[in-house]
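Hi everyone, thanks for having me. Today I'd like to walk you through one protein chain, a piece at a time, so please have the picture open in front of you.

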Amino acid sequence: MAGDWGGLSWDFVVERLRARGADRLDHPGGTLLEHLFRVGDRLRCRGAELQTVAAGLCHAAYGTAGFPQALLGLSERGLLASWIGPGAETLVYLYCASDRRKASPEDGWPWTLHDRFTGARVTTTDHVARALLDITLANEIDVLEHAGLSPADRAELAALVAAYQSVRQ
């Protein structure tokens with residue numbers, strides 16, 4: 001998916017992620033860079049907003065609760081914003097900050113996020129919550145497709161994806 005999307009260059013962002021070592025970190029299905037690419041591309045193919053696609057491409061930039069290896073420090077939020085735009089960077093921050101183990105579709109809509117960096121509880125707008133849910137779904141589907149999960153873990157993750165999909169509709 002090369003080229004320019006709304007003034008943002010997919011290739012430029014991929015090269016920045018590569019320079020930060022995303023192509024050298026193992027992740028189910030290859031490297032973290034390959035995973036990030038697949039998540040961003042899945043969002044693009046589903047017709048997600050550009051901001052959500054850009055956030056999907058960088059969704060693990062600050063590390064996540066499930067994948068703690070960060071490509072950028074929290075002090076570099078401005079740098080990431082210069083690559084993908086401030087709105088997309090905010091989505092990346094919220095995605096990385098969210099401790100999804102403390103949230104579930106049963107929490108209601110929109111979810112209250114538990115910021116693992118600050119300890120704060122964050123309530124988002126419906127629009128932001130839906131973008132985060134889209135990124136979460138793209139990520140978890142990619143993990144389901146590529147991770148060597150045990151049957152029990154696969155069933156648990158598949159049930160979670162189904163629950164998220166039902167909330168998203």
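Let's begin with a pair of helices: α2 passes α3 in a right-handed crossing. Keep in mind as we go that this is a predicted model. Helix α2 covers residues 32-45 and helix α3 covers residues 50-57, and their axes come within 7 Å of each other. The angle between those axes is roughly 165°. What do we call an arrangement like that? An angle over 145 degrees counts as roughly antiparallel, so α2 and α3 are roughly antiparallel to each other.

Who does the touching here? On the α2 side we have Leu36, Phe37, Val39, Gly40, Leu43 and Arg44, and they meet Thr52, Val53, Gly56 and Leu57 of α3. If you sort the residues of this contact by character, you get 6 nonpolar, 3 polar and 1 charged.

Now a second pair of helices. Helix α4 is residues 77-84, helix α5 is residues 86-97, and their axes also come within 7 Å, crossing at roughly 130°. That angle makes α4 oblique to α5. As for the hand, α4 passes α5 in a right-handed crossing. From α4, the contact uses Arg77, Leu80, Ala81 and Ile84, while α5 brings Pro86, Ala88, Glu89, Thr90, Val92 and Tyr93. Sorted the same way, this contact of α4 with α5 has 7 nonpolar residues, 1 polar and 2 charged.

Let's step back and look at the whole chain. How many helices and strands does the protein chain have? There are 7 helices and 6 strands. Reading from the N terminus, the order is β-β-α-β-β-α-α-α-α-β-β-α-α. The chain has 169 residues, and buried ones make up 45% of them. Here is another number to take home: among contacts with a separation of 6 or more, 57% are between residues 24 or more positions apart.

Arg16 gives us a nice example of residues far apart in sequence. You'll find Arg16 in helix α1, residues 10-19. Arg16 and Trp83 are 67 residues apart in sequence, yet their C-alpha atoms are 8.4 Å apart in space. Is Arg16 buried, partly exposed or exposed? Its relative accessibility is 27%, so Arg16 counts as partly exposed.

Next, the cysteines. How many disulfides does a search of the whole structure find? The search finds 0. Take Cys58: the closest cysteine sulfur to its own is in Cys96, and the distance is 9.4 Å, which is too far for a bond. To count as a disulfide, the two sulfur atoms would have to be within 2.5 Å. Turn it around and start from Cys96, and the closest cysteine sulfur is the one in Cys58, again at 9.4 Å and too far for a bond. Cys58 is buried, with a relative accessible area of 0%. Cys96 is buried too, with a relative accessible area of 0%.

From there, let's move along to Asp99. Asp99 lies in the loop between α5 and β5. Is Asp99 buried or exposed? With a relative accessibility of 8%, Asp99 counts as buried. Setting aside neighbours within four places in sequence, Asp99 is in contact with Ala65, His114 and Arg116. His114 is 15 residues away from Asp99 along the chain, and their C-alpha atoms are separated by 5.6 Å.

My last stop is Arg121, which lies in strand β6, residues 121-123. Arg121 is exposed, with a relative accessible area of 58%. Not counting residues up to four places away in sequence, Arg121 touches Thr112, Leu113 and His114. So His114 has come up twice: it touches Arg121, and it is also in contact with Asp99. One more distance for Arg121: Ser98 is 23 residues away along the chain, and the two C-alpha atoms are separated by 9.4 Å.

That's my tour. Thank you for listening, and I'm happy to go back to any part of the picture.

Terms used:
Residues are numbered from 1 along each chain as its sequence is written. This is a predicted model: local features need pLDDT of at least 70, side-chain atom pairs count only at pLDDT 80 or more; totals for chains, interfaces and linings use all residues. Side-chain values use heavy atoms; hydrogens and water are left out. Axes are lines fitted to C-alpha atoms, for helices over the stretch in contact, and angles run from 0 to 180 degrees between N-to-C directions. Helices (H or I, at least four residues) and strands (E, at least two) are DSSP runs, numbered from the N terminus. Angles under 35 degrees count as roughly parallel, over 145 as roughly antiparallel, 65 to 115 as roughly perpendicular and the rest as oblique. A crossing is left-handed if the near helix is turned anticlockwise from the far one by less than a right angle, and right-handed if clockwise. Contact means heavy atoms within 4.5 Å. Ala, Val, Leu, Ile, Met, Phe, Trp, Tyr, Cys and Pro count as nonpolar, Asp, Glu, Lys and Arg as charged, and the others, Gly among them, as polar. Buried means under 20% relative accessible area, exposed over 50%, partly exposed in between (1.4 Å probe, protein chains only).
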